[in-house]
Each structure stands twice: as structure tokens, then as C-alpha cells.
Amino acid sequence: MPVSKATKKFQKDKLGDVIKRRKDVAKVKQRKQMDAKKRERKARDNEKAADLEEEATKKPKTNGAKDDKLGEMSMDQFFQGGFQIPEMKKKSTKPKTGKRKRTPVDEDADQASDEDMQDAPSGADESGSDSDSGDDVDTHKEQLAGLAEKDPEFYKYLKENDAELLDFAEDADLAEIDALSASEDEATPRKKQKAAVEDDDDEDSGNELNLKTVQKWKASMESKHSLRAMKEVVLAFRAASHMNDSESSKTYKYSITDPDVYHQVQVTTLHLVPKVLQHHLPVKESAGGRIRVPTDSKKFRTLTPLLKSHTVSIHHLLENLSDSKTLQMTLDSLSNMLPYILSFKKVVREVIRSVASVWSDSANNDGTRVSAFLVLRRLVVIADPSIREAVLKQVYQGLVKSARNTTIHNIQGINLMKNTAAELWGIDPTVGYTTGFGFIRQLAIHLRTSITNKTKDSYKTVYNWQYIHSLDFWSRVISMHCESLREAEAGKPSPLRPLIYPVVQVTLGAMRLIPTSQYFPLRFQLIRSLLRIAQATSTYIPLAPALVEVLNSAEMKKPPKPSTLKALDFSISIRASKAFLRTRIYQDGIGEQVAELLAEFFILWTKNIAFPELALPVIVMLKRWVKAITKKSSGNKNTKVSSLIALLVQKLEANSRWVEEKRNKVEFAPNNRAGVESFLKDVEWDKSPLGAFVAGQRKSREQKQKLLEEARKTEDRKRKESEKYEKSNGEVFAAEDDDEDEEEEEEVDLDGLSDEDLEMDDDDEEESDDE
């Protein structure tokens, strides 16, 4: 039976929310049932033996109801209920036969539980003895530890699909780690142990952390890889990372007021914690990038609260740091911590968000942003597909947010972000294709909405820097990972190759949305993106008509008017202001851009056997245009532009003749695909007539760009020096004004001044005003 449209719409829009809501309600119900069962169990444990016997006689009456309740539970509710299987209750409620075989089992279980409580760390007992929540967490931990031993496959499934069930508070007690350091105490003599205990008592007596204590922890971590010292360092680092939280009401074990102590705690923690973890939980990494961490070991389970706490502290520190060196050190330490925190999905997603924020912040220098990118790249390499998708989405969002405004000062940073982010999409092409297709589809929807909605400002959703940078970014992704040479080495096409068609179609549609002369710079930006795709993937994209259309516009046909405006920088512009329209400086810039882009387009096919046929229509149109504008009566009287186009026509004709000469010597037929593809394969592109011309033009443009960049840097340096000089002079003038105010106050307090003294004071004030 076919599915109706209403059902499909419900499945698409509301089914996920409905399922999530039902699961949340089921979790709340089962949590209440767990609390009720725990209260009953505690009440039974605290009652006297006589009361227990009386209750045992009453148990068979309630057994049926409990069995019915268990039968009514669904599978999800059963697993969410904390794995409370009422088998022991059934066994203990069968004394009707008069046999007491089951009683010793209960006594043994009670003894075993008592022994477990004695073996448990004292810190856990103290933290959980007075509160029900503490007992619940401890019980939950014991149950999950038993589940990991009995059914590791199901425990692994929970880890991947319901990490919140295994998640505990980030401020959990870390006292259990002391039990892992017992070997350190056994290796030292008793006298030294006693002295160390006394030192610890002295340290704990005061909440203020000093440099001597930090140095002691550092030495212990370096020499013995002490877990106890690492725990204390992590606690101190947690306090250090939250030092500037004025609104926080949390209290921490240590307080830090000395800057040297703060610095030492940060350096010690960030450098040594990954080394200690590597010693106790070695990470094995394969050549393919896969890692293996002993997550099933008892030591890892004990260190889990510490790992979460430390990672959350690093996440908080990243959000508040501004120093570049400290940021790089923190990111390097976090990169080494990544294998240990991959199972904590919620924590990892927060870390991804903070690291992506550092990477996309233009206020950070390039070194810091590259360090953040390396953390994200390592996550994509070693993590599962869900984390990879989260990284790619967060990176793309950070790129789009940072590309809102584009100037000569931040264009290099935006290009750095686009190049680094494009590399991530090729690590897992399958995940890259699904996420990329979704984002490109969003761009297509924006374009369609702008076309269909005939409003005054509908085009602004497309004609902005964020949209243009997004299209340029996808062109970089495709050109990087769908390159013909790379695919030939791999022996198969890239999974990202199907993205070529939608990207090209969306780009061409955006290019022709508003074909006015004011948005010619935007058209040139998009043509460069398409040229990048065509060059890397050997895909033919018809770009010549879009460029000839610019030449045939009214802006290029009419004579320009003189102007003293500064030349428009087309590399950082998508729109020309109205002051540039019909001016000679704007017309010259458009002519240079058209000639350059046409030459770059034809250079891609300069050695193609069909070059003469490809260039012939464009040559005819360009000749017709040059003839029209050079007329004395109706031309635009701009000899610079006409000479550029005429020179390009000459080079195109020369290259056509060169290809025809080479083509006349071949012996294969046009249907011989191998022969066609190998035509002029051994000839370098710059040896052709058009190639030599384009190579020379590129060199001249590079030199010109270099001179402009040096002039800009010199101008910026002079501007900063002048601002600094003005600021210093302003402080001097402010100081002089303060001195004058003091003198005026003194004059008010003094009496008996003569008229001559007053006149002298007035003259001094006039001189200072003139200055």
C-alpha cells in the first residue's frame, strides 16, 4: 500500500520529535519507579530480623502484581530502569514448602555486599552516605561495571547510542583514583609514607595553593607517573580555569592567587597529564589512523570522572583564553587527550564547538588557528562517523559566520579557513558527501527563493559575502578531492564527484540572478570559482558567454566619464558603488578582468584537439565587439580596453593555427578516444602561443600585486605610528590640562593677588590655548 503524503510529511517533520518525547516520558517514569524500589529496598535493609520475617510472609501476596508490572514493561523501559531484575525477590518469597535452601544465598549476598563496601574507597563512602543521590550514582556505577564484565557487547552498544546513561557529573569525586596509586605507597618505605601523609595533611589544612606543592606534584608525575599527583593537579587546574567566573557559586578544593602558581599549574597540567595517561593507558594507533584504548579496563573506568572533569576544564579555558601561546599549548594538550574522551559524546561535541570557535576567530593569529585545525582534523581521523559529521557541520558554520565581512585585512584568514576546512571533507568522503550535499541544497533553496519571490530585497539572500564564500568553498573542496590526477592514482572516482553538477548549476544561477553592471565584481568572483573546478576536474563549463555578456553591456559600450576615484579592488569586492558606474577607472578594471578571465578559460583547453572549434565563436564575437567600439561615431573611445581585447583575439587565433598544424599530422580518427586524449600530451601548456602569453600576464600581475601589498603594509605601518603618536600627544595634553586645573584650584585658595599677577595668568592661559 503506498504511503500517503500526510504520513510522509509527518515522518519527515514530526516523527523524530514524537519519538524523542515518548522516550523522555518513559525515562521519567522509569526513574520514578527506580526511586520507589530503592526506597523499599533501603527500608527493608534497615528493619529488624523479625520485621523481615513478617514481611517475607506477606511477599507472596504482592508477587503477582510485581510480575504483572514487569510483564507490562516494554524493552526500552526495562533497560532504562537501571537493570533492576526482581529475581531475588521471587526466590526469597517461596518458603511455602518449609525448606530454607534459599536463605543462605541471601546471607552470602549480604556478606559480599558488606565486603564490597569495606573495599570501596573512603571518599565515595563519605560523599554518598548522607544523600540518596550519591547512593543512586554509586549503585548505577556498580550496575554498569557489572554489565561491562557480563555483556561487553551490549555495554559497547550503550556507549555508542545512549552515552547519557553512562554519563556522570563533571564534578564527580575523584577519590577512587587514590586506590590506583597503592603501588606507589608499596614501593616506598613506611617512614617516607608517614612523612608523605603528614605533608598531605599540611597541604590539605590550607586551601591556598603554593608553588612548592605544585613542584612536588610535578616531580611525582615526571618520575613515578603518579595518578594521585595527577588527580591533585587536575583539581588545581579546574580551580585555575574557573578563576574569572564571577557569577559561579561553586567551591573548589584549591584557591590560587599567585600568578606564578597559576602559570605553573597550567604548564604542569597541560604538559604532563597526557604523558601520565599514556603511561597508564597506552594508546595504540595503526597506520590507517585507527586507535585502540583499553576502555574495558578497570583503570580506565576509574579514571573516567577525571577525564571528563579535565576535558570540561579545558573546554571552559578555551572559551576564555586570549593569549596565543597559551591557546596553542592548550590545543596541543587537548589533541593528545582526544583518544581518551571519544566515548564521551556529549563532552566531545562541546569541545568541537569551542575548538571550531578558536579556529574561526579572526582575532587569533595563524599559528593558533592552525593548531585548532589540527585538533579538528585528528578528531575526524580517529572518531566515528557521528563525530565526523558534527565536526564538519561545526566547521562549515564557523566559516560562514566568519565570512560575513571581507576586507583586505581578513581575506587571507578567510582563505586559510577555506583551504583547511576543504581538507577535512576528503578524510571520510562518504560523510563528506552527505553533509556537503545538504549544505549545497540549502544554497540552492536560497537561490530558488530569491528567484521566485519578486520582492525588492529578495536578492540580498544570495548577493552577500557569506553566500559567495560558501560557493567558493565548495569549489575548493571539489577541486582538492576530485582532481583528475588524484583519482587516477586511486584507481576510482572520488565519492565527492557527484557534487560537481549541483555546485556548478547553483553558481551559474547566482551569477545571472541580477545581470547589472553594479554586480560585475560578484560575477568575476564566481567565474574564478568555476575556473578552479574546471582546471582540477577537467570538466568543461561554458564560461565564455558570461564574459562576452559583460562586454556587450551598456557599461562597456558607452564612452566613460573621467573620475579621480581610486581603482576598485575586484579581489575583495562583490558590488561596485554607484560612484564607479560609467567611469573610466571602472571600465578599465572590467576590461582587464574580462581579458584575464577569458585567457584563463581558454588556457584550460589550449592543447585540446578541438580548440579551434571551441574558440571560433568567441573570436567572432570579440572581433565584432572591437569593431563596434572603435568607431568614431558610436564607440566608447577607450583604447586601453579595445587594445587588450584585440591582443587576446590575436593570441587565440595564433593558438588555433598552432593546434590545426599539429592536428593535420595525426593519423587517428576522431572516434579514437585514446588518441584524442593523448594529443599534445607531451607538450607543456606554456609552450603554446596562448600559454606563453598567459604565463607572462601572470608574472606581471604577481609583481603588481606584490608592489600593492608592500605599499599597503607601509601605509598601515605609518597609520599605526601616527595613531600612536597622536595618542601619546593626547596624554601629554591631558596631563597639561590637569596641571592647569591644579593651578586654578590653587589660585582660588590664595588671596591678595595683584592685578598684574592676574593678567600674567590670563596670558599664560591664552598661550596654552593657542598651543
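**A helical chain and its salt bridges**

Of the 771 residues of the protein chain, 38% count as buried. The model described here is a predicted one. Its fold is built from 34 helices and two strands. Among the contacts in the chain with a separation of 6 or more, 73% are between residues 24 or more positions apart. The accessible surface comes to about 45,600 Å², and carbon and sulfur atoms account for 51% of that area.

Helix 23 is a good place to start a closer look. This helix runs over residues 465-481 and spans 24 Å from its first C-alpha to its last, close to the 24 Å expected for its 17 residues. Of these 17 residues, 15 are buried, so helix 23 is mostly covered. At its N-terminal end, asparagine 464 acts as a cap, with a side-chain oxygen placed 3.2 Å from the backbone nitrogen of glutamine 466.

A single residue of helix 15 offers a view of the interior. Threonine 269 sits in this helix, which covers residues 259-280. Threonine 269 counts as buried because its relative accessibility is 0%. A polar atom of its side chain lies 2.7 Å from the backbone oxygen of valine 265. Apart from neighbours within four places in sequence, threonine 269 is in contact with Val233, Phe237, Pro274 and His310.

Salt bridges come next, and the count for the model is 27. In one of them, the side chains of lysine 253 and glutamate 232 meet at 3.0 Å, N to O. The two residues are 21 apart, with lysine 253 in the loop between helix 14 and helix 15 and glutamate 232 in helix 14. Lysine 253 is partly exposed at 38% relative accessible area, whereas glutamate 232 is buried at 10%.

A second salt bridge pairs lysine 345 with aspartate 384 at 3.2 Å, N to O. Because lysine 345 belongs to helix 18 and aspartate 384 to the loop between helix 19 and helix 20, this pair ties together parts that are 39 residues apart in sequence. Here the lysine is buried, at 13%, and aspartate 384 is partly exposed, at 28%.

A third salt bridge joins arginine 523 and glutamate 549, whose closest N and O atoms are 3.6 Å apart. This pair links helix 26, where arginine 523 lies, with helix 27, which holds glutamate 549, across 26 residues. Arginine 523 is buried with a relative accessible area of 1%, while glutamate 549 is partly exposed at 31%. Elsewhere, Arg528, Glu596, Glu600, Arg698 and Arg701 are joined into one network by salt bridges that share partners.

Terms used: Residues numbered from 1 in each chain as written. Predicted model: local features only at pLDDT ≥ 70, side-chain atom pairs only at ≥ 80, totals over all residues. Heavy atoms only, no water. Helix = DSSP H or I, 4+ residues; strand = E, 2+ residues; numbered from the N terminus. Expected span 1.5 Å × (residues − 1). Buried < 20%, exposed > 50% of the residue type's maximum accessible area, 1.4 Å probe, protein only. Polar contact = N/O pair within 3.5 Å; in protein donor to acceptor, adjacent residues only side chain to side chain. Contact = heavy atoms within 4.5 Å. Areas by Shrake-Rupley, 256 points an atom, 1.4 Å probe, with all protein chains shown as cover. Salt bridge = Lys/Arg side-chain N within 4 Å of Asp/Glu carboxyl O.
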